[in-house]
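Good morning, and thank you for coming. I would like to walk you through one model, beginning with its pocket and then turning to its strands.

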Amino acid sequence: TLQGFSSGFLSLACTAQANGEVVASAGEDQIIRLWDVNTEQCIKQLEGHTSYCWFVAFNRLGNLLASASEDKSIRLWNVETGQCLKVLQGHGSGVVSVSFSLNDQMLATGSHDQTVRLWDVGTGQCLKVFQGHSGWTWLTTFSPDGQVLASTSEDRTIRLWDVQTEECLKVLEGHMSGVVAV
């Protein structure tokens, strides 16, 4: 049991590293906490967001953590040092999801501004903006080959996007309310 939250948490992510398993938690108090699973102790607190954090995700290697916040920003953190490496900005509303591509070179984000953005992890530059949802976008995730991006939305759809062309390949409909996971 991990304890020490001062308010509700909204997201958890887990990674295995050479020195053990680490869990990242984020939530309403704007602080991201890194936990050592073996000792059940908080080993780092990452601070910098000015509103609550909706989502955290590790890259495949577990050395980078991305955080999405209601403050309209995405932050990239060095897991070992706890330092913020980059602040990505461009969304017009709160950012609610973040996911790394399997090669760790791109980051996809979803926002209350109804867009999905694709970012270059190395430079922090926004590469593409995917538009088409008519409600908040929630979760984003890449296909295993990195060529297709899936996004969910309050508009009750899942959209599949071609990462290269930004074309919407398919709109999956049938949910009776917003879709928050894929």
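Let me first fix the residue classes: Ala, Val, Leu, Ile, Met, Phe, Trp, Tyr, Cys and Pro count as nonpolar, Asp, Glu, Lys and Arg as charged, and the others, Gly among them, as polar. Please keep in mind that this is a predicted model.

With those classes, the lining of the largest pocket comprises 12 nonpolar, 6 polar and 2 charged residues. The space in this pocket amounts to about 250 Å³. Of its 20 lining residues, Ala-57, Phe-58, Ser-99, Phe-100 and Thr-141 are the closest to the centre. Four strands, β1 (9-17), β5 (53-58), β9 (95-100) and β13 (137-142), each contribute at least two residues to the lining.

Strand β9 also belongs to an open sheet of 4 strands, ordered β9-β10-β11-β12 with antiparallel pairing. Because β9 and β12 (126-131) are at the edges and each has a single partner strand, one side of each is left without a neighbour in the sheet. On average, neighbouring strands here are turned by 20 degrees against each other, direction ignored. Within the sheet, β10 (residues 106-111) and β11 (residues 115-120) are joined by 5 bridges, and Gly-110 lies opposite Val-116 of β11.

I turn now to strand β3, residues 32-36. How many of its residues are buried? The count is 5 of 5. Ile-32, Leu-34 and Asp-36 make up one covered face, and Arg-33 and Trp-35 the other. Strand β3 runs antiparallel to β4 (residues 41-46), with 5 bridges between them; Asp-36 has Gln-41 as its bridge partner. The hairpin of β3 and β4 has 4 residues between the strands, and Glu-40 adopts a positive phi near 60 degrees.

Note on methods
Residues are numbered from 1 along each chain as its sequence is written. This is a predicted model: local features need pLDDT of at least 70, side-chain atom pairs count only at pLDDT 80 or more; totals for chains, interfaces and linings use all residues. Side-chain values use heavy atoms; hydrogens and water are left out. Buried means under 20% relative accessible area, exposed over 50%, partly exposed in between (1.4 Å probe, protein chains only). Two strands pair if DSSP finds at least two bridges between them. On a 1 Å grid over the protein atoms alone, a cavity is a set of points where a 1.4 Å probe fits but cannot get out, and a pocket is an open set with protein on both sides within 12 Å along at least five of seven lines; lining residues have an atom within 4 Å of a point. Grid points are joined across faces, edges and corners, and a volume is the space filled by probe spheres set on the points. Axes are lines fitted to C-alpha atoms, for helices over the stretch in contact, and angles run from 0 to 180 degrees between N-to-C directions.
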